[in-house]
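Colleague: Could you take a close look at the side-chain contacts in this model for me? I would like to hear about ring pairs, charges over rings and salt bridges, with the cut-offs spelled out.

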Amino acid sequence: MLDEIEGVIQGHRDGHGYVVRDDGETDLYLPPNEMRAVLHKDRVRARIVRHDRRGRPEGRVVEIVERPPQPIIGRLLHESGVWLVAPEDKRYGQDVLIPKGATGTAKPGQVVVVELTEPPSLYGQPVGRIKEVLGEIDDPGMEIEIAVRKYGVPHEFSEACIAMARTLPDKVRPADRKHRVDLTDVPLVTIDGEDARDFDDAVYCEPAKVGRGKGWRLLVAIADVSHYVETGSAIDIDAYDRATSVYFPRRVIPMLPEKLSNGLCSLNPEVDRLCMVCDMLIASTGEIQAYQFYPAVMWSHARLTYTEVAAILANTRGPEAQRRKERVGDLINLHDVYRALLKAREVRGAVDFETTETQIVCDENGRIEKIVPRTRNDAHRLIEEAMLAANVCAADFIQEGKHPGLYRVHEGPTPEKKEILRNYLKAMGVGLTISDEPMPGEFQKIALATKERPDSQQIHTMLLRSMQQAIYTPINSGHFGLAYDAYTHFTSPIRRYPDLLVHRVIKAILAKGHYTLPALPTPGEAHEKLARRLASRVAAPGQKPKKPVVNSREVQAWEAAGLHCSANERRADEASRDVEAWLKCKYMREHLGEEYGGVVSAATTFGIFVTLDALYVEGLVHITELGGEYFKFDETRQELRGERTGIRYAIGTRVRVQVSRVDLDGRKIDFRLVREGDDLELRAMRDKGASAGAAAKGTAKRAAKKAVKAGDRSPIQSLTAAVKKAAASKGKSRKSRR
């Protein structure tokens, strides 16, 4: 009980916190009084002092081992003669005091960056000085300025990087063409979204004889970033630090300077560009029979969009096809090879869930105009399958070359997740389950078998949630979801650092040499956190990790690079989600009090999350808003069930809600359930043999309780008024209280 453990503080917006333990054991709960002297992200040594009723360990901080230098972003406030900054990230738990002379040029209400000068203590708040003024809270793009600092996303290139980018040429020089295959006469084309600015990949396909049968020759040409970004150079160091481009609505923070990402390395139409090519022979079954990699020079014959290509494939005599007459034949070939690759995908048993992705459309001021679903057509899938094929070849090439590199590894479900999924499938009467060592095909089989069920969305969500996140690592244990023995990322070196490393390794193998990682900066807290999380991971079931034949120090260097890239990928995702949540909250503030239909997207012990049909925005209906009865969370079925009425709320349940509250700082949207004439409750109670009168009485009591809570009536007045209201207009929702 008295053993000391080490870990990192994870603050909670409600004042308490947790110690995320280095040993991977259950997080240690810290009550609010223990959080007074520590900060979110502090590394501490703690001791377990007791276990609560649910058996969770509660701790006490013994020592602060390390306090990483971390800027705090928040709004400057002037209250009762005292200057303070209220952190934008509520996990910090307490305001920062700012001495009179440390406010700089900042004005009250502005968003600022604070540097701590005195840490918090049990009896004193943290003290700091204003380091940077970001501007007013409603300034366009402020949410992005906050997010990049909040998550530590590098957003300014170093002077050395900018200086080196200036020395790069504007176009391909004669010297660059040496030892390259000239593909300028091959009609390669790029196919991307309407809003794409950098073009990583180009494709071309033609019929070919494969063995004795028919097949295709598929060329995937990828921008040769490694030609311009030399290992260990100033541009390379900045690119490694970022590890990925970060995408926000209306703004991208690129991994590479614009001269490379939008210029010299982008496969723009009708200009010469350097590329690395994966040249494949694909049989009619969709199997890759042969492939080769080589450096080349290309000339993109067209910049096509997904919408345009889908229209051409749907009608080869339509207006879009007429405008691109000379490209139609090539696009038909691409569509044919795609259908063959799709057949091979089905044979492999790769998991393929159709999920709804959304896109935020903003106006010129960065405010949300609308949120629309991203529709995936055959053109999207065609490019996706071509890229998957090239990535598989790249992984195979590195493995066959016995050279260390980074694989994109996706492991099967953990034993805990397998058990939860098995119990769930049994409880839902699916009739199918997963084995002890499941294969991807088992998941796909369940997905297909339940496709027509009314609760298919719920089942598919549970299948998806049972899987782990993919990572970059030099130890290959396959890609579970895609059902590949070996898989890597080769196709996006403009925006992903692992792809750039894979290009360098492929070039080293082609040259019969060896690529050595440079001594790059050691990653920090995000790397450590992910390293600890991955420490307990096992290989995908039925697959033994294939260790590269290299010395252990080299493996460690590649593992560090993989962890860094994986951690920064998570960081980019978190920052993007944070900005989207901010924008959605600002958007929903204009819809307070409005009613919408929606679908339950998750059920938890504290309520249900609902995604609105029309707006694609998610919010919480707290358990206290579900009705005047006790709701119990059924973990096996992943649903909330009312003990009195028997009402169930599970993923996929249709509800009607009112937008009741928006918390911009907390990035939270709260909904209130609209009782459609209380039909749902009455129906459920009839099933249980209860009377309708009890439901009406329950509704009245709930209304009275809320009114008393609001402090506007006495309990007797409230109850009387609520009963009258329930009788007069049962089912109508009350206007939201601001």
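Modeller: Happy to; here is a walk through the aromatic contacts and then the charged ones.

Residues are numbered from 1 along each chain as its sequence is written, and side-chain values use heavy atoms, with hydrogens and water left out. Please keep in mind that this is a predicted model, in which local features need pLDDT of at least 70 and side-chain atom pairs count only at pLDDT 80 or more, while totals for chains, interfaces and linings use all residues.

Let's begin with the rings. Rings of Phe, Tyr and Trp (its six-membered ring) pair if their centres lie within 6.5 Å; planes under 30 degrees apart count as stacked, over 60 as edge-to-face and the rest as tilted. That rule gives 11 aromatic pairs. One of them joins Y18 and Y29 edge-to-face, with 6.0 Å from centre to centre and 70° between the planes. Because Y18 belongs to strand β2 (residues 17-21) and Y29 to strand β3 (residues 28-30), this pair ties together parts 11 residues apart in sequence. Helices (H or I, at least four residues) and strands (E, at least two) are DSSP runs, numbered from the N terminus. Y18 is partly exposed at 25% relative accessible area, and Y29 is also partly exposed, at 24%. For these words, buried means under 20% relative accessible area, exposed over 50%, and partly exposed in between (1.4 Å probe, protein chains only).

The rings of Y291 and F397 also form an edge-to-face pair, their centres 6.5 Å apart and their planes at 75°. Y291 sits in strand β18 (residues 288-299) and F397 in helix α10 (residues 378-400), so this contact ties together parts 106 residues apart in sequence. Y291 is partly exposed at 25%, whereas F397 is buried at 16%. Both rings belong to one aromatic cluster, formed by Y291, F293, F397 and F490.

Next come charges over rings, where NZ of Lys or CZ of Arg must be within 6 Å of the ring centre and within 35 degrees of the ring normal. R242 lies over the face of F157, 3.7 Å from the ring centre. The charged end of R408 sits over the ring of Y472, at 4.5 Å from its centre.

Finally, the salt bridges. Side chains of opposite charge can pair when their charged atoms come close. With a salt bridge taken as a side-chain nitrogen of Lys or Arg within 4 Å of a carboxyl oxygen of Asp or Glu, the structure holds 46. In one of these, K259 bonds with D170, the closest N and O atoms being 3.5 Å apart. K259 is in helix α6 (residues 258-264) and D170 in the loop between α3 (159-166) and β11 (181-182), so the bridge ties together parts 89 residues apart in sequence. K259 is partly exposed at 26%, while D170 is exposed at 64%.

D200 and R495 form another salt bridge, with closest N and O atoms 3.9 Å apart. The two come from distant parts of the chain, 295 residues apart: D200 from the loop between β12 (190-192) and β13 (201-210), R495 from the loop between β23 (471-473) and α14 (497-510). Here D200 is buried at 4% and R495 partly exposed at 28%.

There is also a network of salt bridges that links E6, D22, R43, R45 and E63.
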